[in-house]
Amino acid sequence: MAYGKKSYLEHTAVRVKDIHWHIRFFEEALGMPVRSVQGEREDPKQVWTVGGVQLVSDKSFEGPEARMVHLGIMTDDLEAALDEVYKFAGVTQLPNGRNWFATPDGLQVELMQAPKKSE
C-alpha cells in the first residue's frame, strides 16, 4: 500500500564556499532573512533562511557552482513514510539516522515529522 498522507519540501541544503556572500544575497536581494544559525554568526557552519534555503559553509569547495547537499522533506506521518521509503530497492540509510537516506542515484533526503495540526 502506498503512503496515503502528504509531504512537502521544507528546505534545500546547498554547499557554498563564501557563506557570507550568500547570506547577504538572500537577505538583501531576495528578502529571505536568516532564521537559524549553526555556529557563530561571524563564522557559521550553516544557516537556514526564511523560505527554505539551507547554506552549508565549505571554504575549501572549488566547484564552478554551489552543490546541493540534501532535500529536507516534512511529512504527516514520519514512521509510515519511512516504512514506505525503505520498501524501494536501492534506498540506503545514511549514518545520520533512519530518517536520512539516499536514492540509487545519490540524492540525499532528510525526512522530518511535520508539526501536527490542531483539530
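A residue is called buried here when its relative accessible area is under 20%, exposed when that area is over 50%, and partly exposed in between. By this cut-off Glu84, at 18% relative accessibility, counts as buried, although its side chain meets that of Lys87 in a salt bridge, with 3.1 Å from N to O. Lys87, for its part, is exposed, with a relative accessible area of 58%. All of this is read from a predicted model, and the paragraphs below lead from the overall architecture to the second helix, the pocket beside which Glu84 will appear again, and the charged pairs.

The chain contains two helices and eight strands, and from the N terminus on these elements follow one another in the order β-α-β-β-β-β-α-β-β-β. Along its principal axes, the C-alpha trace of the chain spans about 45 × 40 × 20 Å. Of the 119 residues of the chain, 35% count as buried. As for how the fold is held in contact along the sequence, residues 24 or more positions apart account for 56% of those contacts in the chain that have a separation of 6 or more.

Two residues in strands give a view of these contacts at particular places. Val14 has its place in strand 1, and, when residues up to four places away in sequence are not counted, Val14 touches Gln54, Leu55 and Val56 as well as Ala66, Arg67, Met68 and Val69. Asp83, by contrast, is 69 residues away from Val14 along the chain, and the C-alpha atoms of the two are separated by 27 Å. Gly72 is found in strand 5 and counts as buried, with a relative accessibility of 0%. Leaving aside the neighbours within four places in sequence, Gly72 is in contact with Tyr8, Leu9, Glu10 and His11, and also with Glu110 and Met112. Between Gly72 and Lys59 there are 23 Å in space, C-alpha to C-alpha, for a separation of 13 residues in sequence.

Helix 2 deserves a closer look. Its buried residues are Leu78, Ala81, Leu82, Glu84 and Val85, and they lie on the same side of helix 2 because they cover an arc of only 160 degrees around the axis. An α-helix has 3.6 residues a turn, so residues three or four places apart point the same way. What covers the buried residues of helix 2 includes strand 5, strand 7 (97-102) and strand 8.

The largest pocket holds about 250 Å³ of space. It is lined by 13 residues, of which Glu84, Val85, Phe88, Val91 and Phe101 are the closest to its centre. Helix 2 (78-85) and strand 8 (108-113) are the elements that give two or more residues to this lining, and the largest share, three residues, comes from helix 2. Sorted by class, the lining of the largest pocket consists of ten nonpolar, two polar and one charged residues. Glu84 and Val85 thus appear both among the buried residues of helix 2 and among the residues closest to the centre of the largest pocket.

The charged pairs complete the picture. Side chains of opposite charge can pair when their charged atoms come close. A search of the whole structure finds eight salt bridges, one of which joins Arg35 to Glu10, with the closest N and O atoms 3.1 Å apart. This pair links distant parts of the chain, since Arg35 lies in strand 2 (residues 34-40) and Glu10 in strand 1 (residues 7-16), 25 residues apart. Arg35 counts as partly exposed at 45% relative accessibility, and Glu10 is partly exposed too, with a relative accessible area of 23%.

Another salt bridge is that in which the side chains of Lys17 and Glu62 meet, at 2.8 Å from N to O. Lys17 lies in the loop between strand 1 and helix 1 (19-29), and Glu62 in the loop between strand 4 (53-57) and strand 5, so the pair ties together parts that are 45 residues apart in sequence. Lys17 counts as partly exposed, at 40% relative accessibility, whereas Glu62 counts as exposed, at 64%.

The salt bridge with which this account began, between Glu84 and Lys87, pairs a side chain from helix 2 that is buried with one that is exposed. Elsewhere, salt bridges that share partners join Glu79, Asp83 and Arg98 into one network.

Terms used:
Residues numbered from 1 in each chain as written. Predicted model: local features only at pLDDT ≥ 70, side-chain atom pairs only at ≥ 80, totals over all residues. Heavy atoms only, no water. 1 Å grid on protein atoms, 1.4 Å probe; cavity = no way out; pocket = protein on both sides within 12 Å on 5 of 7 lines; lining within 4 Å. Points joined across faces, edges and corners; volume = space filled by probe spheres on them. Helix = DSSP H or I, 4+ residues; strand = E, 2+ residues; numbered from the N terminus. Nonpolar A, V, L, I, M, F, W, Y, C, P; charged D, E, K, R; others polar. Buried < 20%, exposed > 50% of the residue type's maximum accessible area, 1.4 Å probe, protein only. Arc of directions from axis to C-beta. Contact = heavy atoms within 4.5 Å. Salt bridge = Lys/Arg side-chain N within 4 Å of Asp/Glu carboxyl O.
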